[in-house]
Structure formats: structure tokens, C-alpha cells
Amino acid sequence: MALGINSSGPRKSNIFDPVIRPKGSETQSDVKPFALPKTQQANTASEAAPITKTAPVSSPDTVKPAESKPIPSTARPLDKTDIINFLVNFQKSPTQENQTILSYIIQHGLEASLENFDTVTRLLQGKNKPNAPESAVVSVLKGLADVPKSVDILGTFVANNPQIALNLDQVQGALKQLQQSLQQHQGLFDVSLFTGFIGILSTLDDNLKKLNKKAEDGDMALGELKRGELLNDVKVLTEFLGGLEEKIQRENPQDSPLSGVRQNISQLKEKLTGFLDNLTAQVILSKESGVQQLGTDKFMYLQMPNPLTEKPSNIELLIKKDPQKNGALNPAKTRIIAKFDTPDLGELSVTLDVADKKVWYLFYTQNSETKSAVMKLSPELKEQMSALDYEVMGIQAVEKKLDIKKLVLPTLNLDKLSRINAEV
């Protein structure tokens, strides 16, 4: 019995009756009766008596094959029973948890194999969060099957709740508290240590402020967002804070004046860890997947604080990779997708296609008034792009919500998958 999954053909919800598609069988023709070679036939005809008609004689070694029967074939929607059957074949208990794991494996395009199931299960050991199963599958998809920490790091994005702006706001608050605490207790530190520590924190504070610019401060300065350098700096500082916290705790009693400083160091370390995890998740999501899915683009994924709003909010940014340049970015030919909140127009998503000096815009909004406003302002947009030496070839606005997660992590729709059974 050969089993497979085919993504062709729509599936109707909650329909479990199979659609039988019998495949026509081919029958073999009867084997021809035994006959003498032509030369031997000629000799026989000239030498023998007149030929009388008799029934044809078959060779004793020739066996007439039995007629083949039609090969049954079944194509039907994939359902819960198939998931359970897979688990039974894997010799795994068909619990709800195991069914969830296998469903995510199939949705993300991984092979429904025992090896992948065991790998995901191993990554989930000690993980109790509801989004952990999908995070573990994504970790395997991105080639991080041996990094259990990746499951926790990806959890926030998988839950569809990215919080880079909130992380940054919390880090700045904890950083300010620590700086104030150090100033109050500077006499308890070695002068060189205190000066160096304050200098490190001040540098970090300046860099974070650049990332959190507001609109009135100027442009968004995307070029200043060097994620790799920032990630490395935050990682080194987090490790330094951890070592300093242990040193203070080891060398000072619980009621020491430095205990307050130690608590502030611990709080900053915790907030930096959350910020670091968010930056790391962006890097993971930008990695090439181990599974090729037809019809999906490959993107670099970025988050940054939104300079257009007073409250902490994010800009999610996707930049299409060039498949002809081994996944590198090609500014002259790419697609840029941005999703953000605006004070006046609400949530807005924009797709920008670039081909040399020609550009096309597609705006997504759930507000009809916003759609009208976008089209009304399109002449101004064309004028601004013309000043930058770009020609706007088209502007369109649609009333629709753009799901960034589906673009970063495309999944198969289980309702449209078919299970094919064919007897060989």
C-alpha cells in the first residue's frame, strides 16, 4: 500500500466520506498461437501432402495469463482519521497533543515521518506553552533541530504578537533605573570599574534612542539599524551583567547597600534577554527553510519601533530575496512589504514592487475611508517619488487585512489537502 498526500483539489469542511476515483485497468491480449518460422513453413508446404485445415496448436510452454483486475484508487480529503492512522503506524499514542504536532508538521510542508515527529517531540521536552508545538516545527523547518532554545525564542512570533517596541521601551526603563542606582552608590565601586560601566550603559542608551526616534526627530534612519552588530552588543552586555550580578551576590551580604544595585542589574538583564530573543527570532525567520514550497517568496524579516505613534508599536518589514543571487537582496529588483499603525489612517500595510526605477504600490486597509484617502493622496505620492528619480507605474488600494505571518511562514491548508491511497 503506497500512501501520499496531494495538495490538489478543494476540501469541503467536515466531509469525511471518500470520493472514489477508480482507475481504469489495462488488460493484456491473448498470446498468439505457436507458429513455425517462414522458412520452415515454405519447406513444409513443398514437401508435404496437401494441407488440411486443423485447429491451431499452442506451445506447451506458453501460459495464457489471467485477466488483470482493476486497481482501486481512492482520493479523498485528509481528515482526523488519517492523522490518527499516521500515529498508529508510527507506534505513537493518538493523543490530542500528538495529533497537534503531526498536523503542524504537515501544515508547514515537512514530511510526515517518524523521524520528524520524534525530532519535534524532543524539542518540546519541558515546553508547556500553547504555541510550543508550532514553534518546534518551525525550528526544524529552519534547520535548528538541535537548538531547543529556539522554540522559546520563536514563541512570541508564532503567537502572532511581536513586541520589539515594547521590549525596547522596557529596556530603556530598566537602563535608566540602573544608571540612577549606580550614581547613588558610586562610592562603593572601584573608580575605573564605575567609569567603564557607566560608559557602556550610556553608549547602549544612545543606540537605543536612535532606534526609537519619533517622527518629529527626522527620518526613520533605517540605515542605522544594523541588526547583527546590535544583537552582538546586547549579547555581550547581557553576559557581562550576569557575571557582575553573581560577583556582587557572592561578595556582599544580603542586606548590603549593593543589593539594590544587584536587583537593578537583574531587571536590566531580564529585559535585555527579551530584547535579544526578539532580535534572534528575526534572524531565524529570515533563514531559508529546509523545505521548498512552490509559489512562495523568500523574505528577510525585520521589526523596528514605529516612529509615527506615541505609544510603543511596531513596523514589520519584509524584503524579498533574489533567488538568482543565492537569496541576497537586490535593491534594483525586489518587493518590500511594510505593516504599521498610523495616527490618522489606522493599521496600514503596503506592498512596494521595485524594478529598476519603476515602482508599483498596493495598499491594504480594512477601512473604506482609508482606502479613499490613499487614492486621493496618490498624485502627491507620485510627485514625491519622482523627486527621488522613481516613476510610479501604479497605485492600488484594497479593503483587506494583510497577514504578515503567512508571508514569513507560509503553511498548507489542511482543508484543501487530499489523501491518496493506491494499491500497487
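A salt bridge here is a side-chain nitrogen of Lys or Arg within 4 Å of a carboxyl oxygen of Asp or Glu. By that rule the structure, which is a predicted model, holds twelve salt bridges. Let's visit a few of them, then move on to the cores and a couple of odd loop residues.

**Stop 1: Arg262 and Glu245**

Select Arg262 and Glu245 and show their side chains. They meet in a salt bridge, 3.9 Å from N to O. Arg262 sits in helix H10 (residues 258–285) and Glu245 in helix H9 (residues 227–251), so colour those two helices separately; the pair links distant parts of the chain, 17 residues apart. Both residues are buried, so you may want to hide the surface to see them. Now add Lys269 to the selection: Glu245, Arg262 and Lys269 are linked in a network of salt bridges.

**Stop 2: the end of H9**

Stay on H9 and pick Glu251 and Lys247. Their side chains form a salt bridge at 2.8 Å, N to O. Why is this pair well placed along the helix? An α-helix has 3.6 residues a turn, so residues three or four places apart point the same way. Glu251 and Lys247 are four residues apart in H9, about one helical turn. Lys247 is partly exposed, with a relative accessible area of 38%.

**Stop 3: across two strands**

Next, jump to Asp353 and Arg335. The closest N and O atoms of this salt bridge are 2.6 Å apart. Asp353 belongs to strand S8 and Arg335 to strand S7 (residues 333–342), so the bridge ties together parts 18 residues apart in sequence. Both ends are partly exposed: Asp353 has 22% relative accessibility, and Arg335 has 29%.

**Stop 4: the largest nonpolar core**

Select Leu178, Leu182, Phe197, Ile265, Leu268, Leu272 and Phe275. These have the most contacts inside the largest nonpolar core, which has 30 residues. Helix H7 (164–184), helix H8 (191–211), H9 and H10 each supply at least two of its residues, and H10 gives the most, with eight.

Zoom in on Phe275. Which residues does Phe275 touch, leaving aside neighbours within four places in sequence? The list is Ile164, Asn167, Leu168, Val171, Leu208, Leu230 and Val234. There is also a second, separate core of 24 residues, and Ile83, Ile105, Ala112 and Val120 are among its members.

**Stop 5: along H7**

Now isolate H7. With 21 residues at 1.5 Å a residue, H7 should span 30 Å, and its end C-alpha atoms are 31 Å apart, which agrees. The buried residues of H7 include Ile164, Asn167, Leu168, Val171, Leu175, Leu178 and Leu182, along with the polar-named Gln172, Gln179 and Ser181. What do the buried residues of H7 pack against? Bring up H8, H10, strand S4 (299–305) and strand S5 (314–322) to see the partners.

**Stop 6: two positive phi values**

Finish in the loops. Gln91 is not a glycine, yet has a positive phi of about 65°. Look for Gln91 between helix H2 (80–89) and helix H3 (96–107); Gln91 is exposed, with a relative accessible area of 72%.

Then go to Asp356, another residue other than glycine with a positive phi, near 60°. Asp356 is in the loop between strand S8 (346–355) and strand S9 (358–365), and at 58% relative accessibility Asp356 counts as exposed.

Terms used:
Residues are numbered from 1 along each chain as its sequence is written. This is a predicted model: local features need pLDDT of at least 70, side-chain atom pairs count only at pLDDT 80 or more; totals for chains, interfaces and linings use all residues. Side-chain values use heavy atoms; hydrogens and water are left out. Buried means under 20% relative accessible area, exposed over 50%, partly exposed in between (1.4 Å probe, protein chains only). A nonpolar core is a set of buried Ala, Val, Leu, Ile, Met, Phe, Trp, Tyr and Cys residues joined through side-chain atoms within 4.5 Å. Contact means heavy atoms within 4.5 Å. The expected span of a helix is 1.5 Å times one less than its number of residues.
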